[in-house]
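Got your viewer open? Here is a short walk through the model, one selection at a time.

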Amino acid sequence: MGSRLDDEPTKDVNPVVSEILRRAKTGELCCLSCAAGCGATDYAARICPLCGKPVELRPVSGRGRIHSYSVFHAPFNSKLPAPYTVLLVELEEGPRLAVVFDGEGGPPQKVGDAVVFSGADDGIVRFSMA
Ligand SMILES: [Zn+2]
């Protein structure tokens with residue numbers, strides 16, 4: 001008889017997100033895109049919202065604009081000492097992605113500023129000013 005303790009402790013509960021993070025760590029930022037050609041779609045989509053066909057990972061430019069941002073003054077992640085800034089970036093391809101701002105101490109960022117993918121590590125995707 002099984003129990004919660006029998007569950008595989010390293011089971012990947014979200015393999016799509018894990019694959020996006022694995023590729024980002026190698027320098028390739030991806031988004032989900034309709035396999036039938038409708039275009040890029042939201043990161044939460046598991047089928048195309050337009051045609052219902054499967055979605056697949058495709059590389060993106062890594063360029064976007066700041067849609068919004070929040071400055072975190074409490075440490076929610078041991079790898080991110082506070083304060084740090086989380087950006088909601090709207091990629092050139094359309095989807096929005098929450099990332100960590102890589103450039104603290106520089107000029108203050110504003111909504112609409114151009115930003116670019118600068119890397120990923122420890123499950124954290126980073127963008128800096130373009
Ligand atoms: Zn489609």
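A word on burial before you click anything: a residue is called buried under 20% relative accessible area, exposed over 50%, and partly exposed in between, using a 1.4 Å probe and the protein chains only. This is a predicted model, so keep in mind that local features need pLDDT of at least 70, side-chain atom pairs count only at pLDDT 80 or more, and totals for chains, interfaces and linings use all residues. Residues are numbered from 1 along each chain as its sequence is written, and side-chain values use heavy atoms, with hydrogens and water left out.

**Stop 1: the whole chain**

Show everything as a cartoon. The chain has one helix and eight strands, where helices (H or I, at least four residues) and strands (E, at least two) are DSSP runs numbered from the N terminus. Trace the sequence and you get α-β-β-β-β-β-β-β-β. The C-alpha atoms fill a box of roughly 55 × 40 × 25 Å along the principal axes. Of the 130 residues, 31% count as buried.

Turn on a surface if you like: about 8,100 Å² is exposed, and carbon and sulfur atoms supply 55% of that. Accessible areas here come from the Shrake-Rupley method with a 1.4 Å probe, and for residues only the protein chains shown count as cover. As for contacts (heavy atoms within 4.5 Å), take those between residues at least 6 apart in sequence: 48% of them join residues at least 24 apart.

**Stop 2: the zinc ion**

Select the zinc ion and ask which protein donors hold a place around it. They are C34, C38, C48 and C51, each through SG, at 2.2 to 2.4 Å from the ion. Donors are N, O and S atoms within 2.8 Å of the metal (3.2 Å for Na, K and Ca); water is not among the atoms, so sites may look incomplete. In sequence the spacing reads C-x3-C-x9-C-x2-C.

Now check the angles. The four donor atoms subtend 106 to 112 degrees around the zinc ion, so the arrangement is tetrahedral; for four donors that label asks for all angles between 85 and 135 degrees. Ideal angles for four tetrahedral donors are 109.5 degrees.

Colour the donors by accessibility and look at two of them: C48 is buried at 4% relative accessible area, while C51 is partly exposed at 36%.

**Stop 3: L32 on strand β1**

Move to L32 in strand β1, residues 30-34. Buried or exposed, at 3% relative accessibility? L32 counts as buried. Leaving aside neighbours within four places in sequence, L32 is in contact with V16, A40, T41, D42, Y43, A45, R46, V55, E56 and L57. For a distance check, L32 and I20 are 12 residues apart in sequence and 9.2 Å apart in space, C-alpha to C-alpha.

**Stop 4: Y84 and T85 on strand β5**

Next, select strand β5, residues 84-91, where you will find T85 and also Y84. Y84 is buried at 7% relative accessible area, and T85 is buried at 2%.

Show what surrounds them, again skipping residues up to four places away. Y84 touches S70, V71, F72, A74, F76 and E104. The contacts of T85 are Y69, S70, V71, V99, V100, F101, E104 and Q109. Draw a line from Y84 to S33 as well: they are 51 residues apart in sequence and 30 Å apart in space, C-alpha to C-alpha.

V71 is worth a click too. V71 sits in strand β4, residues 63-72, and counts as partly exposed at 39% relative accessibility. Together with Y69 and V111, V71 forms a nonpolar patch on the surface, with about 260 Å² of accessible area. Patches are made of residues with over 30% relative accessible area and no salt bridge: like charges are joined within 9 Å, nonpolar side chains (Val, Leu, Ile, Met, Phe, Trp, Tyr) within 5 Å.

**Stop 5: the salt bridges**

Last, show the charged side chains. A salt bridge is a side-chain nitrogen of Lys or Arg within 4 Å of a carboxyl oxygen of Asp or Glu, and by this rule there are eight. Among them:

- R23 and E28, at 3.8 Å, N to O
- E56 and R58, at 2.7 Å, N to O
- E90 and R96, at 2.8 Å, N to O

Finish by selecting E19, R22, R23 and E28, which are linked in a network of salt bridges.

Terms used
Tetrahedral: all angles 85-135°; square planar, octahedral: opposite > 155°, others 65-115°.
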